[in-house]
Structure formats: structure tokens, C-alpha cells
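Biologist: Could you take a close look at one part of this model for me, the place where two helices pack, and then follow it outwards to whatever sits around it? Keep it relaxed, but be specific.

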Amino acid sequence: MTTYKAIKLIKRPEPGPVSADIFEVTEKELPKAGSGEILIKQRQMSLDPAMFGWMSPDTESYIPPVELNTVMRSSGVGEVVESNHPDFEVGDRVMGMMGWQEYALSDGKGINKVQADVPDETVLSVFALPGLTATQGLLNVGKPKNGETLVVTGAAGSVGSIVGQIAKAEGLKVIGVVGSDEKANWIVNELGFDGAINYKTDDLRDQLTKLTPDGVDLYFENTGGPIQNLVVERMNAHGRVVVCGMIADYDKEVPSPGPSWVPVIKKRLTIQGFTMPDHFDQIPSLLQQLTPYVMSGKIKHRSHILEGLESAIEGLNMFFTGDNKGKLIVKL
């Protein structure tokens, strides 16, 4: 093979569903690894809600936007097929930011060897961005305590499902907010959550009140939406709110109004947003925190596999429709 496929971002997305015309599928010449470089054949590629922020023109965000006419940003898992780097050998399985392309040339920065003997789907669903985000956000930002009550939105998603399972392992009561009855059944009956709320149903306030009779100590926010105000109202004194994502607003030109600050004052709440690029240098220590939960069987996951590089384009819209069941992955 002398060429490979890559997908470039050529226009900024408009509010609403992602349209295919903002991308361009290209054929590129297969490069050779230069001095200090490795060539990676990417096998599976992750789709993540953070991509909507990466595609926007916002230069004041936590990470620079993807430059137009360059390969779309994403993480993936693959195999080193050529190496002139002292830390990598041909055959090494690696993960890191590789982009929407079948092959990636890298100087090794941000590329980590996969040590765990698990399938590629597990690497991307647990040990890559979802698990690292859940670990940092819950354990290092949220600082959960045994006996507390946690509410996590996007609870059937790749991050939220791991957040809830780690919290259960730490002795918390866990309530998940999801978008379908099927997902509610999955997080309760398969993952062991204590309760679930389908935000598309009525009586959200009553459901939340019944499921959190002792109030809410910790709120892990992945989605936004009307449930947000209700959870903040249920927070206990000195509760903590960990703001990880806001998928309900990513396709809106004007974000929805947030909760009143009155309960923030009355309850002396701590609200902290976080993003993983601030913590990429901590990946080895985060994996040390996460791995024991996984290897002891306390973390289950499910993956939604799309076939072929170009499936990533339409696959992004599944984050808005909720049609995916599990971590969205593109198999190359």
C-alpha cells in the first residue's frame, strides 16, 4: 500500500446536526518514519463529544481548534509498523491522538504503550479518554466519600457509565440520568446503579426527589438540560459539582440558561469545570488509579462499533440523537 485515507476538516460546523460538507475525504501518500519518528497503523478510532468543541472557531477554549484543511483530531489505538524512535518498537500497541486517518506519523509525544492485555474496544472504551476523564473528574476533582449520593448525567455514556461504577466501588449511592428506558435498565441491572431517571419522561423533580431522599452530595455533569437546575436545587451543603460536558448545548447557537446562583450561595457549593488536556501529563498516574477497578471486574462497558473511516462523519450526530449504545468507535 502506498496511499491511505484521511479526513480533513474544511469548514466550521453550523448550529444543529453535523453536515458532511464540512469534511473532505482525501488520499495521502504513505510516509516513511524519519529520525525520532514512528509510523502507526491505526486500527480503531474514538468518537467523543469533545470533538464539537474542537471543530468550533473558539480560540479561547481549553485547546486550540482544529485548523481548517488539516486532519480532524481524535484519539485511537493502533500498532507501530515502522520505528526510528528509541522508546518504541515495531509491533508495539499504542494509544494516543492519531486523528481521522488510517496511518499516523508521530514523534512519540502523547503516544502511550498499551500495557493491559485487553481488546482494542476496551482500550478505547475504558483506558483511553473515557476512563481517564472519569478517573480525573470523579476521584481527583469530585473527591467522593463513602456514603455520599452522586448524580451523574449522560450515565449510559462512555464517561458517565465509568464514573458511576467507580463511585459504586467507593461506596456511594449512584443515580444516573439517561435518555431512554433501555439505557436506564442497563445502568441499573447491569452496572449496579441504585436508580435511573429518563430525562425524556415527565415528573423529573418528583423522580429525583424520590431517588435522593438524603439530597445530593456530588453532581457529575456531562450533558446539561433541564435536569441540571433540579439537581442543583437538591444539593446538600458543601456539595461539589464537577462539570465535564454540556452535550445538550453543543448544537445550539445560544446556550441554555444555567441554574440560579442562590442555591450555590445557600448550600456553599463548589463548582469546578475540568478538561483532560490539562492532565495529559498525568496519564500514567491516572491509569494507576483506574486499572485496579478494571482488573478486579468492577468496570463493565459496551461499545458501539461503526465500520470504516468515513462512518465517523455521520457517527458524530449520534451524540445528539442518543442512538448509540455504548462508546462510539470507528473500526478501520
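Modeller: Here is a walk through the helix pair, then the spaces and loops that go with it. Keep in mind that this is a predicted model.

Let's start with the geometry. Two packed helices are described by the angle between their axes and the distance between the axes. Here the pair is H3, residues 129-142, and H4, residues 158-169; their axes cross at roughly 50° and come within 8 Å. Angles from 35 to 65 degrees fall in the oblique class, and H3 and H4 are therefore oblique to each other. As for the hand, the crossing of H3 past H4 is right-handed.

Now for the residues that touch. On the H3 side you'll find Pro 130, Gly 131, Thr 133, Ala 134, Thr 135, Leu 138 and Leu 139, and they meet Ser 158, Val 159, Ile 162, Val 163, Ile 166 and Ala 167 of H4. Sorted by class, the residues of this contact come out as nine nonpolar and four polar, with no charged ones.

Follow H4 and you arrive at a cavity. The structure holds one cavity of 30 Å³ or more, and the volume of the largest cavity is about 50 Å³. H4 gives the most to its lining, with three residues. Ser 158 and Ile 162 are among the lining residues, and both also belong to the contact with H3. The rest of the wall includes Ser 125, Trp 186, His 301, Arg 302 and Lys 327. The class split for this lining is three nonpolar, six polar and two charged.

Go along H3 instead and there's a backbone oddity in the loop that links H3 to strand E9 (149-153), where Lys 143 sits. Most residues other than glycine have a negative phi. Lys 143, though, has a positive phi of about 50°. Asn 69 is another non-glycine residue with a positive phi, about 65°, and its place is the loop between helix H1 (51-55) and strand E4.

E4 takes us to one last stop, the second largest pocket, which holds about 480 Å³ of space. Arg 73, Met 97, Met 98, Gly 99 and Gln 101 are the closest to its centre among the 24 lining residues. Strands E4 (70-71) and E7 (103-106) each supply at least two residues of that lining, and E7 gives the most, with four. By class, the pocket lining has 13 nonpolar, six polar and five charged residues.

Key. Residues are numbered from 1 along each chain as its sequence is written. This is a predicted model: local features need pLDDT of at least 70, side-chain atom pairs count only at pLDDT 80 or more; totals for chains, interfaces and linings use all residues. Side-chain values use heavy atoms; hydrogens and water are left out. Axes are lines fitted to C-alpha atoms, for helices over the stretch in contact, and angles run from 0 to 180 degrees between N-to-C directions. Angles under 35 degrees count as roughly parallel, over 145 as roughly antiparallel, 65 to 115 as roughly perpendicular and the rest as oblique. A crossing is left-handed if the near helix is turned anticlockwise from the far one by less than a right angle, and right-handed if clockwise. Contact means heavy atoms within 4.5 Å. Ala, Val, Leu, Ile, Met, Phe, Trp, Tyr, Cys and Pro count as nonpolar, Asp, Glu, Lys and Arg as charged, and the others, Gly among them, as polar. On a 1 Å grid over the protein atoms alone, a cavity is a set of points where a 1.4 Å probe fits but cannot get out, and a pocket is an open set with protein on both sides within 12 Å along at least five of seven lines; lining residues have an atom within 4 Å of a point. Grid points are joined across faces, edges and corners, and a volume is the space filled by probe spheres set on the points.
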